Number of protein chains: 2
Amino acid sequence: MIEQQPPARRPRHRSQRQVEESAAIKTEIVTAAAAVFAENGYARTTLDAVAKRVGLGRTGLLHHFPSKESLFHAVLDREREPAADTGATGVEAIRELGALLGHGTASLTPLRLIHVLEGEAIAGNEAAARYVAERLDEVRGEIRSKLGRGAGPRDSDAVVTLIAATVNGLQKLWLIDPDAPTAPAFDLLVDLLEARLTTD
Amino acid sequence: MIEQQPPARRPRHRSQRQVEESAAIKTEIVTAAAAVFAENGYARTTLDAVAKRVGLGRTGLLHHFPSKESLFHAVLDREREPAADTGATGVEAIRELGALLGHGTASLTPLRLIHVLEGEAIAGNEAAARYVAERLDEVRGEIRSKLGRGAGPRDSDAVVTLIAATVNGLQKLWLIDPDAPTAPAFDLLVDLLEARLTTD
DNA sequence: GTCTATATGGCGATAGAC
DNA sequence: GTCTATCGCCATATAGAC
């Protein structure tokens, strides 16, 4: 790297078009990989299965991601969508978390992936453990900030932990038994919290 | 070791002692397998790892359990300990569920195994899915019966679901982050439920 | 201890875009 | 012609089963 860095313009080797196509197919691969990991877990996922889903051979896939682990990391890196902030405050903001329970079928794959990853984390998958720990901190911070804008309870740590764990538990329950009344259960929790926070 | 085989008189069927020893080692194997499955999940668990833990070779292990799956099923079949019934009623009985949160280090392996199995179930492991579904029914029934002996709320399905999901979520949270205030969170839930059930 | 199945990962070759 | 994307083939490793 002695030559002056990317000076003025240096297309030279790869055209803009190539770069875009490469990025596009990488995105496609990561999307497919996320689905396959969600359906089978890490260990049981084969590169062939992922490649087939995007219409590639195994080697074609390995050109973009040199190893299974690198692909896994790419999936993890992309799986961080900051939840939309509706601006609601206090308990009402918490009530909106009910939307995360999974009843929107569109969100099935990412939800499944998260819970599979949490299982992998408990089973000793280091990369999954790191991702899960980071995500847990984000979720708790989010809940805390939502709560903080409304009535501020004293035992906020317990409240945050209770909400985070309950949402997660209800999500998992729904994945295992879609007929379970998870929405009423969450509504009940919010009602209970509301009664507590407003009488304080 | 050329000595005549067991010709002289061969117990013919299998002595009582042999049967007992076989049962004992099988128990030992299942215990070891449960630990290894809990630490690594199903796919990443090797028969060698299980065999080594009980001081056997892979062949020796396969003599008692002809396949990895048969061993897995044996682990699942044994993993059903009817929780002790203390005779408490209503909310107090629920409060006792806090003991299931995992802070007793002795219960780390079974707790971890359960959550790993739930992850496997979501990831499409059929045997794990069956076990998890059955266990979920047991847990819900248990909570329902505990609650039923005390004050009987109208929305009992939601209450049962809420309790089951929260305990499970807190357990998982504790496995991922042992520093999380899971006990206070559970106490908070019980307090909230108590207030609701007593004012009804 | 051996056999077999399967999965990862690398090497070489080919087709196509600029 | 050079670089990229893809494929076919193989070498290695590892696990399950007998």
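Before you click on anything, one bit of vocabulary: Ala, Val, Leu, Ile, Met, Phe, Trp, Tyr, Cys and Pro count as nonpolar, Asp, Glu, Lys and Arg as charged, and the others, Gly among them, as polar. Keep in mind, too, that you're looking at a predicted model.

**Stop 1: DNA strand C**

Select DNA strand C and show what surrounds it: 12 residues. The nearest include A:Arg17, A:Thr46 and A:Leu47, along with A:Ser67 and A:Lys68. How do the residues of this surface divide into nonpolar, polar and charged? Three are nonpolar, five polar and four charged. Now colour the helices: α2 (47–53) and α3 of chain A each supply at least two residues here, and so does α3 of chain B.

**Stop 2: DNA strand D**

Next, switch to DNA strand D, which has 20 residues around it. Zoom in on A:Ser22, A:Gly57, A:Thr59, A:Gly60 and A:His63, the closest ones. From chain A, α1 (16–40) and α3 (58–64) each give two or more residues to this surface, and from chain B, α2 (47–53) and α3 (58–64) do so too. Which element gives the most? That's α3(A), with four residues. By type, the surface near strand D has five nonpolar, 11 polar and four charged residues.

**Stop 3: where the two chains meet**

Hide the DNA and select both protein chains. Here 45 residues of chain A are in contact with 45 residues of chain B. On the chain A side, the elements giving two or more residues are α1, α6, α7 (126–148), α8 and α9 (182–199). Highlight α8(A), because you'll want to see the largest share of that side: 15 residues. Sorted by type, chain A's side holds 25 nonpolar, 10 polar and 10 charged residues.

Is the meeting surface the same or different in the two copies? It is the same, since 100% of the interface residues of chain A are also interface residues in chain B.

**Stop 4: a pair of crossing helices**

Stay at the interface and pick out helix α6 (residues 108–122) in chain A and helix α6 (residues 108–122) in chain B. Their axes come within 8 Å and cross at roughly 145 degrees. The crossing of α6(A) and α6(B) is left-handed. Show the side chains of α6(A) that take part, among them A:Arg112, A:His115, A:Val116 and A:Glu118. Across from them in α6(B), the residues include B:Arg112, B:His115, B:Val116 and B:Glu118. The residues in this contact split into four nonpolar, four polar and six charged.

**Stop 5: lay one copy on the other**

Try superposing the chains. A turn of 180 degrees and a shift of 0.0 Å along the axis lays chain A on chain B with an RMSD of 0.1 Å. The two copies are therefore related as by a two-fold rotation axis.

**Last stop: colour by confidence**

Finally, colour chain A by pLDDT. Its average is 87, and 86% of the residues score at least 70. Among the elements of chain A, helix α8 (residues 156–176) has the highest mean, 97, while α1(A) has the lowest, 88. Then select residues 1–12 of chain A, where the pLDDT is below 50. Beyond near neighbours in sequence, this stretch has one contact in the model.

Notes
Residues are numbered from 1 along each chain as its sequence is written. Chains are lettered from A and ligands numbered from 1 in the order in which they are written. This is a predicted model: local features need pLDDT of at least 70, side-chain atom pairs count only at pLDDT 80 or more; totals for chains, interfaces and linings use all residues. A residue is near a molecule or strand if its C-beta atom, placed from the backbone, lies within 6 Å of it. pLDDT is the predictor's confidence in each residue, from 0 to 100. Two residues are in contact if their C-beta atoms, placed from the backbone, lie within 7 Å. Axes are lines fitted to C-alpha atoms, for helices over the stretch in contact, and angles run from 0 to 180 degrees between N-to-C directions. A crossing is left-handed if the near helix is turned anticlockwise from the far one by less than a right angle, and right-handed if clockwise. Copies are superposed by least squares on the C-alpha atoms of residues with pLDDT of at least 70 in both.
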